[in-house]
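The exercises that follow are meant to be worked through with the sequence and the model side by side. Please try each task before reading its solution.

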Amino acid sequence: MNKPIRTVAILGAGVMGARIAAHFANAGIPSFLLDIVPRALTDEEKAKNLTFESPAVRNRLSLAGLETAKKSRPAAFFTPELASLVTIGNFEDNLEWLGKADWIIEVVIEKLDIKKSLFEKVERVRTPGTIVSSNTSGLSIASMAEGRSDEFRRHFLGTHFFNPPRYMKLLEMIPSAETDSGVFQTIASFAERMLGKGIVTCKDTPNFIANRIGVFAMLNAIHTMIEDGYTVEEVDQLTGPATGKPKSATFRTGDLVGIDTLVHVAENLYEAVADDEMRESLKVPAFVKTMVERGWIGDKTKQGFYQKKKSAEGREILALDYKTLEYHPRKKSAFPSLETAKGIDDLHERLKLLAYARDRAGAFTWKTLSDVLMYAANRVPEISDDIVNIDNAMKWGFNWELGPFETWDAIGVGDSVKRMKEEGRTIPAIVEQLLSAGKSTFYERRNGTRYFFDIGSGTHTPIDEPVGLIHLPSLKDRNKVIRHNAGSSLIDLGDGVACLEFHSKMNAIGEDIIQMVHYSLGEVEKNFEGLVIGNEGAHFSVGANLMLILMAAQDEEWDDLDFIVRQFQKATMSLRYSPKPVVVAPFGMTLGGGCEFTIHGDRVRASAELYMGLVEVGVGVIPAGGGTKEILLRNLESIPEDTKPDLFPYVQRAFETIGLAKVSTSAMEARTLGLLRPTDGISMNKDHLIADAKKVVLAMRQEGYSAPVPRTHIPVLGEPARATLTVGMHNMKQAGWISQYDMHIGSKLAFILTGGNITSPQHVSEQYLLDLEREAFLSLCGEKRTQDRMAYMLKNGKPLRN
């Protein structure tokens with residue numbers, strides 16, 4: 001089966017249903033969003049003389065869901081305009097719309113009888129062959145399909161999106177014994193490519209994979225806290241980034257998800273897994289139940305494991321004392337091993353240190369971590385036949401950096417099993433099988449291919465991946481590196497395309513990367529068809545190496561700093577005018593210098609999740625790698641041909657984009673900001689980004705690529721436009737929106753964008769604007785307030801207003 005998915009229907013317009021509809025809109029897929037007809041009028045509806053026959057009443061719940069999705073933060077839609085792809089309705093008046101849908105997704109309350117009743121109605125109106133799925137977080141898929149026709153059951157499966165669906169990569173797919181394999185593959189392929197999902201195949205067991213293990217991990221940490229005398233704050237210190245978990249750790253995650261939701265899922269799981277060896281750890285502690293009874297359910301009520309309060313100093317966050325159920329100022333405990341671990345970049349080494357440490361942090365880490373590892377291992381083959389699905393579920397659904405079996409490899413399978421046996425624990429069968437086979441790790445890498453230990457064959461087997469992916473580490477393992485230095489590498493992608501990869505810390509741009517840019521362009525000109533600039537880090541690039549700039553400024557090494565800026569400008573201009581096509585593949589944070597590299601490529605292939613902008617004013621400078629010049633040109637290029645409009649609004653837009661440090665919240669918004677061109681492509685799944693960029697390079701060569709011509713006839717408006725921009729800044733300062741120093745930086749920016757010391761409109765070259773950029777940058781670097789801003793940013797990770 002290879003059914004195209006052109007229209008979907010979402011049944012249930014609650015928070016999850018509406019956000020799923022929003023994400024389909026992000027992919028360009030229109031949807032019908034339906035919910036029940038309300039049973040009573042609101043006071044507001046009565047005041048408007050509405051009746052139960054009024055569409056506004058009958059569609060109230062679906063409209064409310066859509067409006068909530070439009071207002072949600074973080075944003076559910078890439079851009080607000082995409083909400084127009086969602087059509088609202090209700091189950092009584094509009095169920096026949098399902099006949100137009102290619103995929104129907106049920107997202108109603110987690111009650112089996114309600115879901116079964118709805119599916120009975122769905123079968124009456126759906127077109128044969130239409131795929132139907134449930135977004136249940138743990139109910140039996142087979143039970144839901146009972147009573148339906150054979151044809152319906154063949155086209156039915158579970159598709160469990162994680163909240164918020166735009167940002168959470170995981171899609172758990174649960175086929176029943178009767179689900180057609182072609183139906184499963186159709187949804188898997190569509191969701192992976194078009195929705196950007198990571199697909200995990202689950203068995204039809206309670207809570208599937210991620211919630212089964214994730215809920216156990218959270219409740220087990222809470223029980224350990226109670227048993228061994230830790231505090232809420234201490235648990236979150238020990239279950240956050242230091243151990244490869246999100247900043248929200250344990251209790252902050254509970255507040256985000258909703259403690260009532262956690263309790264509901266946990267209680268259902270407890271009842272459903274009578275034979276679970278760790279079932280008692282799935283019991284919800286009494287104090288948590290009391291919190292729910294009192295309505296202390298987390299962020300929804302501003303009170304849960306933490307409480308948000310306003311004080312004279314601003315917002316204050318208090319922590320719960322679970323023994324007294326009273327709140328107190330948060331306290332950070334001192335754990336020697338944790339402090340040592342924070343200085344270790346490599347997560348594997350951090351975990352090993354914490355797991356075997358002999359202080360309270362080590363005791364908690366070992367106890368909770370070893371429990372989770374054993375619990376996950378005992379779930380094979382109950383919830384999954386392989387460890388890869390389990391590891392991916394926890395990484396993509398709970399934002400763990402390493403899955404349970406990857407974690408076991410990190411701390412050492414042999415050493416950990418030895419300790420477990422000393423403690424009298426029963427070792428899971430898959431672990432004993434691994435060690436009996438003479439293996440010491442669950443994963444191996446050989447010749448660029450990653451293998452996992454397969455319980456069925458008792459050997460390491462290659463991991464199946466979607467077709468067409470390019471993994472840079474795999475290419476490195478196969479000796480495809482052409483040249484490398486500390487911050488970057490040039491890698492052969494095959495088919496005549498090379499890739500310039502950044503791999504410095506946070507992919508900050510320093511001299512090593514700039515040197516590699518120049519080498520790469522020369523090598524590509526001689527031996528390749530084109531160049532991709534991309535990497536597989538957490539973010540594309542956070543910008544220039546700020547520490548390097550600050551140190552040079554503080555030491556008054558102006559010649560060195562001038563040289564660095566000139567080299568940066570030379571690098572971006574070389575990208576722009578390379579005789580071979582250059583395609584940049586940005587994703588995540590693409591800030592400052594990372595943005596400057598991106599906008600100088602011939603073409604961009606961006607990840608849909610792109611947070612891109614020129615943010616230099618936040619540290620007291622202006623973009624000097626060609627960014628100021630290029631944003632001005634982008635705006636001027638957007639002027640319709642054969643028109644002679646007033647140029648000032650376009651200059652003003654460039655000024656606001658840079659001066660307000662605007663950062664896109666998606667690749668689509670980057671287009672509206674002028675950071676991406678209409679011709680730049682977007683990949684919904686970041687995993688495909690480098691392969692997609694490579695295809696663009698090859699297509700450009702096949703079409704007949706010719707390098708662009710340097711721009712020497714750029715219109716600038718001179719002093720009159722600069723005066724108008726200055727008036728606008730003065731008004732903003734009077735309103736308290738910007739500081740005096742912000743206005744000082746803005747004046748430097750306005751000077752560049754209007755052409756410097758020019759009294760009337762005329763034309764200049766790119767090099768002229770680059771020289772203005774560099775001069776402004778160097779002059780600002782020499783000011784103490786800029787150096788203070790840089791130092792503050794390096795220390796606190798956020799800009800200083802002064």
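Helices, as the word is used here, are DSSP runs of H or I with at least four residues, numbered from the N terminus. The model is a predicted one.

**Exercise 1. A lysine in helix 26**

Find the helix in which Lys629 lies, and decide whether Lys629 is buried or exposed.

Solution. Step one is to place the residue: Lys629 belongs to helix 26, which covers residues 627-637. Step two is to apply the cut-off, since buried means under 20% relative accessible area. Lys629 has a relative accessibility of 1% and therefore counts as buried. Step three is to look at its surroundings, where the side chains of Lys629 and Glu630 are joined by a polar contact of 2.8 Å. Leaving aside residues up to four places away in sequence, Lys629 also touches several others, among them Met573, His600, Arg711 and Glu766.

**Exercise 2. A lysine in helix 5**

Which side chain forms a polar contact of 2.4 Å with the side chain of Lys115?

Solution. Begin with helix 5, made up of residues 112-125, because Lys115 lies there and, at 1% relative accessibility, counts as buried. The partner in the polar contact of 2.4 Å is the side chain of Glu106. Glu106 also appears among the residues that Lys115 touches when those up to four places away in sequence are not counted, a list including Val108, Ser134, Leu139 and Met144.

**Exercise 3. The span of a helix**

Work out why the distance between the end C-alpha atoms of helix 22 agrees with its 17 residues.

Solution. The expected span is 1.5 Å times one less than the number of residues. For the 17 residues of helix 22, residues 511-527, this gives 24 Å, and the end C-alpha atoms are 24 Å apart, so the two agree. A further step is to ask which residues are hidden: the buried ones in helix 22 are Ile513, Ile514, Met516, Val517, Ser520, Leu521, Glu523 and Val524. When reading that list, recall that an α-helix has 3.6 residues a turn, so residues three or four places apart point the same way.

**Exercise 4. Aromatic pairs**

How are the rings of Phe152 and Phe156 arranged?

Solution. A search of the whole structure finds 20 aromatic pairs. In the pair of Phe152 and Phe156 the ring centres are 5.7 Å apart and the planes meet at 25°, so the pair is stacked. Phe152 and Phe156 are both buried. For contrast, take the pair of Trp296 and Tyr327, which is tilted, with 5.5 Å from centre to centre and 50° between the planes. This pair links distant parts of the chain, 31 residues apart, with Trp296 in the loop between helix 13 and strand 9 and Tyr327 in strand 11. Trp296 and Tyr327 are buried as well.

**Exercise 5. Backbone exceptions**

What sign does phi have in Ala249, and where does Ala249 lie?

Solution. Start from the general rule that most residues other than glycine have a negative phi, and most peptide bonds are trans. Ala249, though not a glycine, has a positive phi of about 50°, and its place is in the loop between helix 10 and helix 11. At 11% relative accessibility, Ala249 counts as buried. For the peptide bonds, look at Arg73 and Pro74, which are joined by a cis bond with omega of about 0°, and at the bond from Val380 to Pro381, which is cis with omega near 10°.

How values were computed:
Residues are numbered from 1 along each chain as its sequence is written. This is a predicted model: local features need pLDDT of at least 70, side-chain atom pairs count only at pLDDT 80 or more; totals for chains, interfaces and linings use all residues. Side-chain values use heavy atoms; hydrogens and water are left out. Helices (H or I, at least four residues) and strands (E, at least two) are DSSP runs, numbered from the N terminus. Buried means under 20% relative accessible area, exposed over 50%, partly exposed in between (1.4 Å probe, protein chains only). A polar contact is a pair of N or O atoms within 3.5 Å; within protein, one must be able to donate a hydrogen and the other to accept it, and residues adjacent in sequence count only if both atoms are side-chain atoms. Contact means heavy atoms within 4.5 Å. Rings of Phe, Tyr and Trp (its six-membered ring) pair if their centres lie within 6.5 Å; planes under 30 degrees apart count as stacked, over 60 as edge-to-face and the rest as tilted.
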